[in-house]
Amino acid sequence: MSVRRVVPDIHSQDMEGSREFYGLLGFEEVMNLGWVMTMASPENPTAQVILMTEDRGAPDTPPDMSVEVEDVDAVYAAVLASGATVVRELRDEDWGVRRFFVRDPNGKVVNVVSHR
């Protein structure tokens with residue numbers, strides 16, 4: 001199983017202020033759906049932060065971090081076999097990703113995702 005990137009998911013009620021702050025650190029906006037924005041380093045595009053007011057695909061359980069993997073179906077099968085707590089089952093989202101949420105041993109919710 002190949003990990004492509006790991007990104008913190010930062011919950012924000014001030015998206016513009018957050019965009020400006022992370023811009024000071026060298027990040028640029030690369031995706032914005034209004035409720036979720038990805039900011040990335042222009043020199044290293046896998047160095048990213050995700051800012052979100054909510055997760056419209058899972059409003060009751062927003063993730064703490066996202067892990068993009070090469071094969072989300074294989075990772076989902078491994079997670080199920082391990083007995084880990086799946087918070088949100090595997091599904092395709094309208095914005096072009098396939099993902100599921102799992103709770104880590106510390107109680108953090110991890111969004112495991114692949115782009116379609």
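This passage describes the fold, the aromatic pairs, the salt bridges and two single residues of a predicted model.

The structure is a predicted model in which local features need pLDDT of at least 70 and side-chain atom pairs count only at pLDDT 80 or more, whereas totals for chains, interfaces and linings use all residues. Residues are numbered from 1 along each chain as its sequence is written, and side-chain values use heavy atoms, with hydrogens and water left out.

The chain contains two helices and eight strands, where helices (H or I, at least four residues) and strands (E, at least two) are DSSP runs numbered from the N terminus. Read from the N terminus on, the elements follow the order β-α-β-β-β-β-α-β-β-β. The radius of gyration is 14 Å, close to the 13 Å that the globule rule gives for 116 residues, so the chain is as compact as a globular protein of that length; this radius is taken over C-alpha atoms, and the globule rule is 2.2 Å times the number of residues to the power 0.38. Along the principal axes, the C-alpha atoms fill a box of roughly 45 × 30 × 30 Å.

Of the 116 residues in the chain, 41% are buried, a term that denotes under 20% relative accessible area, with exposed meaning over 50% and partly exposed in between (1.4 Å probe, protein chains only). The accessible surface of the chain comes to about 6400 Å², and 51% of this surface belongs to carbon and sulfur atoms; the areas come from the Shrake-Rupley method with a 1.4 Å probe, and for residues only the protein chains shown count as cover. Among the contacts with a separation of 6 or more, 47% are made by residues 24 or more positions apart, a contact being defined by heavy atoms within 4.5 Å.

Four aromatic pairs are present in the structure. Rings of Phe, Tyr and Trp (its six-membered ring) are taken to pair if their centres lie within 6.5 Å, and planes under 30 degrees apart count as stacked, over 60 as edge-to-face and the rest as tilted. One of the four pairs is formed by Phe-21 and Tyr-22, which meet edge-to-face at 4.9 Å centre to centre with 90 degrees between the planes. Phe-21 is partly exposed at 44% relative accessibility, while Tyr-22 is buried with a relative accessible area of 17%. Tyr-76 and Phe-100 are likewise paired edge-to-face, at 4.8 Å centre to centre and 65 degrees between the planes. This pair links distant parts of the chain, with Tyr-76 in helix H2 (residues 72–82) and Phe-100 in strand S7 (residues 97–103), 24 residues apart, and both Tyr-76 and Phe-100 are buried. Phe-21, Tyr-22 and Phe-27 together form one aromatic cluster. In addition, the charged end of Arg-88 sits over the ring of Phe-101 at 5.5 Å from its centre, where the criterion requires NZ of Lys or CZ of Arg to be within 6 Å of the ring centre and within 35 degrees of the ring normal.

Salt bridges were assigned where a side-chain nitrogen of Lys or Arg lies within 4 Å of a carboxyl oxygen of Asp or Glu, and by this rule the count comes to 10. One of them joins the side chains of Glu-68 and Arg-5 at 2.5 Å, N to O. Because Glu-68 lies in strand S5 (residues 65–69) and Arg-5 in strand S1 (residues 3–11), the pair ties together parts that are 63 residues apart in sequence. Glu-68 is buried at 10% relative accessibility, and Arg-5 is buried at 16%. Glu-89 forms a salt bridge with Arg-91, with 2.1 Å between the closest N and O atoms; here Glu-89 is partly exposed at 39%, as is Arg-91 at 29%. Arg-98 is bridged to Asp-92, the closest N and O atoms being 3.0 Å apart. Salt bridges that share partners join Asp-73, Asp-92, Arg-98 and Arg-116 into one network.

Two further residues illustrate opposite surroundings, buried and exposed. Ala-40 is placed in strand S3 (residues 36–40) and counts as buried at 4% relative accessibility. Not counting residues up to four places away in sequence, Ala-40 touches Gly-26, Phe-27, Glu-28, Val-30, Pro-45, Ala-47 and Gln-48. Asp-94, by contrast, is found in the loop between strand S6 (86–92) and S7 and is exposed, with a relative accessible area of 82%. The C-alpha atoms of Asp-94 and Gly-57 are separated by 9.0 Å, with their positions 37 residues apart along the chain.
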